[in-house]
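Open the model in your viewer and keep the selection panel at hand. The stops below say what to select next and what is there.

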Amino acid sequence: MQLYLVDAFTSSPFTGNPAGVCLTDADDAAWMQAVAAEVNVSETAFVDLSTLAATGEVGLRWFTPKVEVEICGHATLASAHVLFEQGLATSPIAFRTASGVLRAEALPGGGIQLDFPVDEPISALPDGHLADEFADALGAAVVELARCRYDVLVEIPSAEEVRDLEPDLSVLRAASGRGVIVTARAEDDPAPGAPDFVSRFFAPAVGIDEDPVTGSAHCCLAPYWAKRLGRERLVGAQLSPRGGEVGVELAGERVLLRGDAVTVSRGELLAEATKI
């Protein structure tokens, strides 16, 4: 079995979000979880090519070091990158996942576009939590709170405050949902191609104190900022220490995520599912 480490939503090694990509037709969740814990990056993707010829779809599952997750943008981008780079599938790819069929397409000018379900945010407090809790945990004023399907979205006043956050993770861990997206507008009048909004993503509840670049969070950020900025095509910058950018475009009930990826390492996984 081949195992790759890919940096996603970046074109430079050692930036963006690292993902493990394991090519396997194994169907052992306990083994997958053990591999993900061993790889020890925010997500490891398990790609099953055994059904491609018969169904036209590629099986895909994602695991953090602690749990299996329903959706993951950067590990999907990394998986598509490996399949295109190794000549194992042609564009577009249809991934069969717990979140339905997700598609990945190689773009003519470089990079990859993902087709994901939109995650429309609803202005509301998480059950049992107060806005003051988030303000205290983040050390920043709360402009707005919203609920997404998986996460809580918190807008704060400035991009500088997003960059400088040192949140109280114990409070964020207790917040309902997978994680907490903290976001702000980038600039009043950004230059062409410059980020329109910024974010950081904290998910200690699933074993990820901070995720470097979170594709699936942009399924919620895209409609949130599209309404406020009056445009359906935007660029988001995630201001984690590694950093990365995600291009987003609303397309009805879908959101298109665009980004680059680079393979950092590849090798052979020797611990087969039947041997643990």
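Select Ala 146 to begin. Its relative accessibility is 1%, and because buried means under 20%, Ala 146 counts as buried. The model is a predicted one. Ala 146 belongs to strand E10, which covers residues 144–147. Now add Ser 123 to the selection: 23 residues separate Ala 146 and Ser 123 in sequence, yet their C-alpha atoms are 4.1 Å apart. What else does Ala 146 touch, not counting residues up to four places away in sequence? Beside Ser 123, the list holds Pro 121, Ile 122 and Ala 124, together with Asp 151, Val 152 and Leu 153.

**The whole chain**

Zoom out and show the protein chain as a cartoon. Seven helices and 18 strands are there to be coloured. Along its principal axes, the C-alpha trace spans about 50 × 40 × 30 Å. The radius of gyration is 18 Å, which agrees with the value near 19 Å that a compact globule of 276 residues would have. Of the 276 residues, 53% are buried.

Turn on contacts next. Among those with a separation of 6 or more, 61% link residues 24 or more positions apart. With the surface shown, the protein chain exposes about 11800 Å², and carbon and sulfur atoms supply 49% of that area. Colouring by charge brings up 20 positive and 41 negative side chains; the centres of the two sets lie 3 Å apart.

**Strands E6, E7, E8 and E17**

Select residues 93–97, which form strand E6, and then E7 at residues 100–106. E6 and E7 run antiparallel and are joined by five bridges. A hairpin connects them through two residues. To see one facing pair, pick Phe 95, which stands opposite Leu 102 in E7.

Before leaving E6, step back to Pro 92, in the loop between helix H3 (73–85) and E6. The peptide bond leading from Ser 91 into Pro 92 is cis, with omega near 0°.

Move on to E8, residues 112–117, which pairs with E7 in the antiparallel sense over four bridges. Glu 105 has Gln 113 in E8 as its bridge partner. How many residues lie between E7 and E8 in their hairpin? There are five, and Gly 110 in the turn has a positive phi of about 105°.

Then select residues 254–259, strand E17. E17 and E8 are antiparallel, with six bridges joining them. Here Ile 112 stands opposite Gly 259 in E17.

**Helix H7 and Arg 185**

Select residues 218–229 to bring up helix H7, which is mostly covered: ten of its twelve residues are buried. The buried set runs through His 218, Cys 219, Cys 220, Leu 221, Ala 222, Pro 223, Tyr 224, Trp 225 and Ala 226, and also includes Leu 229. Just after H7 comes Gly 230, whose phi is positive at about 75°.

Keep Leu 229 in view and add Arg 185, a residue of strand E12 (residues 179–185). The two are 44 residues apart along the chain, and their C-alpha atoms are separated by 9.0 Å. Which residues is Arg 185 in contact with, leaving aside its neighbours within four places in sequence? They are Ala 159, Asp 196, Phe 197, Trp 225 and Leu 229. Arg 185 has a relative accessible area of 36%; this lies between the 20% and 50% limits, so Arg 185 is classed as partly exposed.

**Two loop residues with positive phi**

Select Phe 9, in the loop between strand E1 (2–8) and strand E2 (17–23). Phi of Phe 9 is near 60°, a positive value in a residue other than glycine. Is Phe 9 buried or exposed? Phe 9 is buried, with a relative accessible area of 3%.

The last stop is Asn 40, in the loop between helix H1 (29–39) and strand E3 (43–48). Asn 40 is not a glycine, but its phi is positive, at about 60°. At 54% relative accessibility, Asn 40 is above the 50% cut-off and therefore counts as exposed.

Terms used. Residues numbered from 1 in each chain as written. Predicted model: local features only at pLDDT ≥ 70, side-chain atom pairs only at ≥ 80, totals over all residues. Heavy atoms only, no water. Rg over C-alpha atoms; globule rule 2.2 N^0.38 Å. Buried < 20%, exposed > 50% of the residue type's maximum accessible area, 1.4 Å probe, protein only. Contact = heavy atoms within 4.5 Å. Areas by Shrake-Rupley, 256 points an atom, 1.4 Å probe, with all protein chains shown as cover. Lys, Arg positive; Asp, Glu negative; His and termini not counted. Charge placed at Lys NZ, Arg CZ, Asp CG, Glu CD. Pairing = 2+ DSSP bridges.
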